[in-house]
Amino acid sequence: MKPLIRLFFRTLRIVLGPVMLLKERLARPAPMKRSAEAQAKVDQQCASLALYQFKTCPFCIKVRQEIHALALPIAQLDAQHDEGNKATLMQGSGASKVPCLKITEADGSVQWLGESGAIIAYLRGRFAG
């Protein structure tokens, strides 16, 4: 029975995955406009951020939509198919739960933010103003 259930959900992911990615692309919000200097400063700050995500995870899609709306060049790392990224996520955050934002501070300390709502609140608080 277990293999049958796994097969069902795997088939569901295969069928719905492309639909979810198409919807993400079509419903993408317009990016925020900034002056060239302000965008350069944001780009520099985003170099210390990395989003660990799965391509078709609905919560990851929600975070990616916000990243696009805020015009943030944050590295998006696949933690589903890339074993190196998965291992880094597990070691840093202690779980393979996505989405997870890795924040590297100027002093080298690292913070892991693991809920989509918390990630969006952090990004809006830091970059929306």
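Tutor: Quick term first: buried is under 20% relative accessible area, exposed over 50% and partly exposed in between, with a 1.4 Å probe on protein chains only. This is a predicted model, with local features needing pLDDT of at least 70, side-chain atom pairs 80 or more, and totals for chains, interfaces and linings using all residues. Numbering starts from 1 along each chain as its sequence is written, and side-chain values use heavy atoms, leaving out hydrogens and water.

Student: How many residues of β1 are buried?

Tutor: Strands here are DSSP E runs of at least two residues, and helices H or I runs of at least four, numbered from the N terminus. On one side of β1 sit Leu49, Leu51 and Gln53, with Ala50 and Tyr52 on the other, all buried. That leaves β1 largely enclosed by the rest of the structure, because the buried count is 5 of the 5.

Student: Which residue of β2 stands opposite Gln53?

Tutor: Strands pair if DSSP finds at least two bridges between them. β1 and β2 (residues 75-78) run parallel, joined by 4 bridges. Opposite Gln53 in β2 is Asp78.

Student: And on the β3 side, what is the bridge partner of Leu51?

Tutor: β3 pairs with β1 in the antiparallel sense, over 4 bridges. In β3, Leu51 is partnered by Leu101.

Student: Within what arc do the buried residues of α5 fall?

Tutor: The buried ones are Ser116, Ile119, Ile120, Leu123 and Phe127. They line one face of the helix, because the directions from the helix axis to their C-beta atoms fall within an arc of 95°.
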